[in-house]
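Work through the exercises below with the structure open. Each task is followed by a solution in steps.

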Amino acid sequence: MSAVAQNLINALSLGSLYALIALGVALLFSIMGLINFAHGELIMIGGYALLWFAGLPFAVTAVLVVGVVIGCALAMERAAFRSVRGATGETLLMTSFALSLLVQGGALLFEGADPKSVDVLGSLGASVEVAGVSVGKLDIAIIGVTAVLLLGLAWFLRATSLGVQMRAAAEDFGMARALGVRANLVVAAAFGMSGAFAAIAAIFLVASTGALTPAMGLKPVLVGFVAIVLGGLGRLWAAALGAYVLALLSVMLQAYLPDGVAPYRDALVYFGIVVILMFRPHGIAGRPGAVRV
Amino acid sequence: MKSPRTSRLARCAPAIICTLLVLAVSGLAEAGSQTTQRTATQMLIMGIITVGTYIFVGNSGMLSFGHVVFVAVGAYTTALLTMPHSLKQALLPALPDWLAEIELGLPEALLVSGLLSLLVGAVFALLVLRLDGMAAGIASLALLISVNVVISNWDAVTRGSQGIVGIPADLTIGTTVPWMIGAIAVALAYQLSRSGFRLRASSEDPIAAAALGVRIRRDRSIALLISAFVCGFGGGLYARFLGALTPGDVYLQLTLLTLLMLIVGGIRSLSGAVIGTLFISVLAELLRRVEAGGEFGPVGLQPHPGVQQLILALTLLLTLLLRPGGITAGRELGFAVPGWGRSSRRGPSEPSPDPSGLVVEGGNGLDDAGQAAPPRRDPV
Amino acid sequence: MTLLEVSGLYVSYGPIDAVRGASISVERGDVVAIVGPNGAGKSSILQAIQGLVRVRAGSVRWRGTDITGWAPERRARAGIAFVPESRGVFRTLSIGENLRLAGCALAADVDVSERVRLALRYFPALTDRLSERAAVLSGGERQQLAIGRALVAAPELLILDEPSLGLAPVVLDELFAGLARLRDEGWTILLVEQNVARAVKLADHLFSLRGGVIERVSDPGELLRNPSFRAKHLGLG
């Protein structure tokens, strides 16, 4: 019983981290059809920013990290994505891919290829007993912060004028503009929010691994991609759902696969996702109909 | 009217010119140092892989992140089939006997590599081609990850992340060039075939493609199979070039490099694939030397790791922003080709006469002022 | 005063010219209708005016200023409101959110709620349903919402693309009665309409578009009596 509970908590914690990443990617996809490879580099920048601002009180560091990453996200939009806005998904994807390599190259140049380590949340390394289950404080923090952010995002999209404009732009960008919605404002807002999610994901990611490398963003961003495709492309909440399903799948396989097969867990997870897509080409929560030819 | 002979010549012109280009660069490299020759050999193998990927990506207009799977299958197959028997026993004691016994010549091993990749390609076609656009791209990526995990852990056959060593590394420019020319010939033959023509036409006119639905999936499958075959071949040669093969050699780095070559060269034409390979290979080699540091005549350079990636990425970014069709802008080299006129003049990669110059491949082609909506998508 | 002046407009989709050298002008207070067969390029002209398609050649002038290169949102702020053929209702937004969205085109100090209330006078049926999702609306209701939403922005020019498309006859009567009321209240309207008989009754001026080329119809009444036009456009013998 407690083993199951333990696994569920692990899945929830991992899923929360995945959801933070996936939502950052999904925000941009739903607004402008961009699958952003460079989101991984935003996470990477967030990681290194933790190192730059280490030593300050944690709250100050966190705010600075979020600020730096949002700034970088906005800079990416201005420098690269604005010129290709309205292009096909493939062109956007490739642009983001180029940007991702570029930023990674920059990190290699300035930070070197060797892994660096940073201790983010010293005391959160401990764990507490809850009803006979040992739960890491970090897990609790990840789950809690993600829940708050998800609720906050839902509130923002429902209750604020900018949020409504973003939802309208996600449904039909051209019509939204014809009604006076400022394209640049909406896209910048989406990039800014995406950056904030990336920064927070970076803090939790680095808190749990402690290691920094220029290529550290790749794995998380792939997870994000897979989660949004699995959930249903273009739908924000489906991306979060996809993230939790992906995490559940990987934690459960980790726990219950026989020893000989265990190393192949990720292969099974990713292959399983392709198979799920075979039966549900629009993702778990996706709807057919709005398919682009 | 042109006589049939001139028109056939004209249709083959891109391949002929590409071949001449490849021969010229290879010939130049032959006169260079050992390092230069090795780089040129690697360039030729990259060329085969890039042209192989092009056969699917360029003709169908679908992005694939999974083609390195075929390269991986080909590479490990050739490695295992051509390694000396004794070495295999020492390195891979758990290998099944029949596999440990086999010791094939390179051409036979490459053929088996190609065929195995073709089989994997069939599975790919089944799994991925039902999905549309972006989902297909991500699914192919998921398959790449999944295959890489298998390769990294299948100790009995691949020696896991330690990798296989002792693969006979005997390729030279001279022995690689014929394979490269072969790949170009296959690519040209496919794109001139009925299936290739239908596939190109459909990717340029998505509405017609939707109307043709089922047929298009068949043509996509054909392109994918041929593409997988060529990539498998390329993978085999890659293994023989490297001499030592680890899972990391046939993973994301290689995928990204292939796409870089395709896009910078021009993803919609065979000439683009070849020119992209030549251009990026030469650039990458120059940058590698700069990155490593050392004396360049009077100039002394500090080692700068990251410079290569930085400049290559910048090249890709500037290509996408300023010349979205790549160097060739979707055109083939050579003289005007009958029957190609429409696709090359009106291809979606053709920058339109919009003065802003911010028109993007296949997009709505809008500048900041007169923009239209991106294609409709599912709402939030 | 000439509010809108389109001259020598070309709109192309790839190799195909949808509009070839169209010129129209709309005076303040006018109701102008463009009629013509399917595929004649009528919608393209309207989309070009709103900035939703790229103009290959020609110009769009708004109150004397060249706005050909303006972004759509800037045109909306300048006082042009557009109701597309598809109505452009956001299905995932509530009816109220749809209406308030048009407030984006208004200056920051304008009370959007007040504007919404004024617009709802024309479509009282929507008043009680503001929190419902727009996806639940019928075709006619959707049209009401789209026009109502356009009115929230208090536009100087209201552009309607095929307002009668897909509506039942009863709803159609209501729609045109509503449009007549807007006309009588002095709104300036530019519409594309396949239902020529209705368009002729509503409009002060009529343009006919065939094969991307536009012509001014000097006497709409004459058009209705012209046997060959009746046969071609109205399907009447």
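Two residues are taken to be in contact if their C-beta atoms, placed from the backbone, lie within 7 Å. The model is a predicted one.

**Exercise 1.** Describe how helices α10 and α11 of chain A pack against each other.

Solution.
1. Locate the helices: α10(A) spans residues 236–256 and α11(A) spans residues 265–279.
2. Take the geometry. Their axes come within 10 Å and cross at roughly 140°, and the crossing is right-handed.
3. List the contacts. From α10(A) come L249(A), S250(A), L253(A) and Q254(A), which meet R265(A), L268(A), V269(A) and G272(A) of α11(A).
4. Classify these residues: 4 are nonpolar, 3 polar and 1 charged.

**Exercise 2.** Compare the annotated transmembrane regions of chain A with the modelled secondary structure for residues 185–205 and residues 237–256.

Solution.
1. Read the record. An unreviewed UniProt entry annotates "transmembrane region" over several spans of chain A, including 185–205 and 237–256.
2. Check residues 185–205: the span is 100% helix and 0% strand, with its end C-alpha atoms 30 Å apart.
3. Check residues 237–256: this stretch is also 100% helix and 0% strand, and 28 Å separates its end C-alpha atoms.

**Exercise 3.** Which elements of chain C supply at least two residues each to the side that touches chain A?

Solution.
1. Count the residues in contact: 20 from chain C and 15 from chain A.
2. Assign them to elements. α2 (72–78) and α3 (95–101) of chain C each supply at least two residues.
3. Rank the contributions: α2(C) gives the most, with 4 residues.
4. Sort the chain C side by class, which yields 13 nonpolar, 3 polar and 4 charged residues.

Note on methods: Residues are numbered from 1 along each chain as its sequence is written. Chains are lettered from A and ligands numbered from 1 in the order in which they are written. This is a predicted model: local features need pLDDT of at least 70, side-chain atom pairs count only at pLDDT 80 or more; totals for chains, interfaces and linings use all residues. Axes are lines fitted to C-alpha atoms, for helices over the stretch in contact, and angles run from 0 to 180 degrees between N-to-C directions. A crossing is left-handed if the near helix is turned anticlockwise from the far one by less than a right angle, and right-handed if clockwise. Ala, Val, Leu, Ile, Met, Phe, Trp, Tyr, Cys and Pro count as nonpolar, Asp, Glu, Lys and Arg as charged, and the others, Gly among them, as polar. UniProt positions are given in the numbering used here, feature names are shortened, and annotations may be inferred rather than shown by experiment.
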